[in-house]
Amino acid sequence: QVQLVESGGELVQPGGSLRLSCAASGSIYSINAMGWYRQAPGKQRELVATITSSGSTDYADSVKGRFTISRDNAKNTVYLQMNSLKPEDTAVYYCNADILTRLLRRSNYWGQGTQVTVSS
């Protein structure tokens, strides 16, 4: 079994910052790409940022220059540093990981989500 557990979401004022964390645990052999997605009320889930096992990153245009994705491979953890937050960043943020288990089965896993609300 593999689990992804996110943390760090909360209410923050416009212009503020938050750091989200997502820790993977369980029967993990290796983790390939990891990423963050978000889903606002009434909208489809969208990609926010991704990072490969070697550290290459990609961002949605809407967050470039404001958000930074990083990972700690020793801790099987991915982070999302969010700066200059805007009300339109309000959403449930989901962690995603492409994981090879110890049974050598490769699957895509999702966390349960963490709520980020940007409001004054």
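Strands are here DSSP runs of E of at least two residues, numbered from the N terminus.

**View 1. Strand order in the predicted model of the protein.** Read along the sequence, the pattern is β-β-β-β-β-β-β-β-β-β-β, and the secondary structure accordingly comes to 11 strands and 0 helices. Among contacts between residues at least 6 apart in sequence, 56% join residues that lie at least 24 apart.

**View 2. Overall dimensions of the protein.** Taken along the principal axes, the box filled by the C-alpha atoms is roughly 45 × 25 × 25 Å. The radius of gyration is 14 Å, which agrees with the value near 14 Å that a compact globule of 120 residues would have.

**View 3. Burial, exposed surface and charge in the protein.** Of the 120 residues, 40% are buried, where buried means under 20% relative accessible area. The protein exposes about 6500 Å², and carbon and sulfur atoms supply 45% of that area. The protein carries 12 positive and 9 negative charges, and the mean positions of these two groups are 5 Å apart.

**View 4. The hairpin formed by β9 and β10.** Strand β9, comprising residues 91–101, runs antiparallel to strand β10, comprising residues 106–110, and 5 bridges join the two. Within this pairing, isoleucine 99 stands opposite serine 107 in β10.

**View 5. The turn between β9 and β10.** The hairpin leaves 4 residues between its two strands, and leucine 104, which lies in the turn, has a positive phi of about 60 degrees.

Methods. Residues are numbered from 1 along each chain as its sequence is written. This is a predicted model: local features need pLDDT of at least 70, side-chain atom pairs count only at pLDDT 80 or more; totals for chains, interfaces and linings use all residues. Side-chain values use heavy atoms; hydrogens and water are left out. The radius of gyration is taken over C-alpha atoms; the globule rule is 2.2 Å times the number of residues to the power 0.38. Buried means under 20% relative accessible area, exposed over 50%, partly exposed in between (1.4 Å probe, protein chains only). Contact means heavy atoms within 4.5 Å. Accessible areas come from the Shrake-Rupley method with a 1.4 Å probe; for residues, only the protein chains shown count as cover. Lys and Arg count as positive and Asp and Glu as negative; His and the chain ends are not counted. The place of a charge is taken as NZ of Lys, CZ of Arg, CG of Asp or CD of Glu. Two strands pair if DSSP finds at least two bridges between them.
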